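User: I would like to go through the salt bridges and one helix packing in this model. Please give the reasoning behind each label.

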Amino acid sequence: MNKIKMLTAVLAITMMFSCESFLEDPQPSQSLPSSTAFTKGSDVLTGLIGAYNYLQDSDVGGTNFTMIPDIMTENGDWRGSFTSYQDISQFKMTADNGEIENMWRDGYRSINAANLVIEASQSVEDAGFTVAQRNQYRGEGLFIRAAIHFEMVRFYGKPYGSTSSSDPGISLMVAAVEDVTDITFPERSSVEAVYSQCEIDLQEAVTLLEGFSERGRASSNAAKCYLAEIAFMKRDYPTAATLASEVIGSGDYELTAEPADFFVNEGSSEEIFTVVHTTQDNPGVNGSLPTFHNEDGRGGDVVYSQDLLENGFGKVITADQQTAIDGAGGTVRDMRLVQLSDTTAGITFIEKYEDPVTNADDAPIWRLAELMLMRAEARARTEGINMGSVNLLNRVRTRSLRVVDGDGNLLANSDELVSFQESDFADANELIEAIILERRVELCFEGNHFHDLMRLGRSAKGLAPDADKLRFPIPQTALDANSGLMQNPGY
């Protein structure tokens, strides 16, 4: 995606909850009211790309939605010098944590930019602005608005559950702020209300968007992915299974031959939606996901934890499978480690994001393997042991697991040795646990594991899923600007 700066009117609009300077100087000299800025369909497109630009920021979709969920779990060890991330990884967060403040600020900037596009796509009077274009831009704006609300509520609010109708989430922002007269100071909506609004936005987006789009832009399939994830988090497994099946069955995507292909050859057949980065987007070595990377032996800020290596990758081969592999004289190589990690001096570094110089690594949001494992788990929960779930699990496994002989040659029955049969599982729970384990290793450092633990009601680094310290504090700057906001317990 080319980074086209938003019209000055849109760039000048400051996040409505956490920046008092906007109240003091509501009309900077370079700004224009959006009613003047958006006069043609091309202006709306420029504004839309600006909304993607905000989504691309490292504090939201560019890095933190992907990186933070793993350092909040046993997956990743934080080794860097940035205290904001270190405090998040150790649950020593405060209301003035820089990364938490920035996520709130930049998240709402992206939402506001999306709101401007949503409204302008319907109101601009331009004979050359076609109905198809209006629908496309509105659908993309709705997608961005829903994605940011949903990602943020999972950090600042409690996991979805029986008390979500009363649990505070984040403030819903569904109208554009154009100038100081538009500013309101809403209270935090409930977790349930935020989820519901996201569903409404995404359901409309599905009807407005094409099934397949150019890289870095929303499609109806990407919107379905988020709808599936919302259902997954709500433990509405039949809906999650159906939506995942629609994306898988669309015929638009297929697994890459090697697990590294998705990350190294960006724009591969497995990609559904990513936040696209270019060499101009993230100057400096810590502007994007290369913070994971072992640059020139310096060592990444985040590395594989021993727990992930031992209790994740170390357990994807069952005892029975290992016995059969030993009997065949083979050794298992997991290409997710061989291709996407580097062990030096006893430390296993992350090589999914391998571009430390230009910071041009895309941030994965949705890829086919995740949808396949989601559908596999959802079906197992609704149908019990079934061959459909087993087949999906096996397709992901056999792409990465290789059984080789002493000379490193692939055994002819490699796939058979690492695949499951229905008879391998005593009950549905055993199948579900195998899929959960596969999700942990397949999707590590892609922003999933923390949210999986919350959905499953499991602890993160010894803290119960409803523990106060697992929620981000509402930033102090937001509280200072909006007296209607309520701080999370424990801060």
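**Salt bridges and a helix pair**

Analyst: K352 and E446 form a salt bridge, with their closest N and O atoms 2.6 Å apart. The pair joins distant parts of the chain, 94 residues apart. K352 lies in the loop between strand 6 and strand 7, E446 in the loop between helix 19 and helix 20. The model is predicted.

User: Why is the contact of K352 with E446 called a salt bridge?

Analyst: The cut-off is 4 Å between a Lys or Arg side-chain nitrogen and an Asp or Glu carboxyl oxygen. The K352 to E446 value is 2.6 Å, so the label applies.

User: What makes K352 buried?

Analyst: Buried means under 20% relative accessible area. K352 has 3%, so it counts as buried. E446, at 6%, is buried too.

User: Which residues are linked with K352 in a network of salt bridges?

Analyst: The network includes E270, D334, R336, R367 and E446. R397, R399, E438 and E442 also belong to it.

User: Why does R105 count as partly exposed?

Analyst: Partly exposed runs between the 20% and 50% limits. R105 has 26%, so it falls there. Its salt-bridge partner D106 has 2% and counts as buried.

User: How do you know that helix 10 meets helix 16?

Analyst: Contact means heavy atoms within 4.5 Å. By that rule C225, A228, E229 and F232 in helix 10 meet residues of helix 16, including L371 and M374. The contact has six nonpolar, no polar and three charged residues. The axes are 11 Å apart, at an angle of about 35°.

Methods
Residues numbered from 1 in each chain as written. Predicted model: local features only at pLDDT ≥ 70, side-chain atom pairs only at ≥ 80, totals over all residues. Heavy atoms only, no water. Axes fitted to C-alpha atoms, helices over the stretch in contact; angles between N-to-C directions. Helix = DSSP H or I, 4+ residues; strand = E, 2+ residues; numbered from the N terminus. Nonpolar A, V, L, I, M, F, W, Y, C, P; charged D, E, K, R; others polar. Buried < 20%, exposed > 50% of the residue type's maximum accessible area, 1.4 Å probe, protein only.
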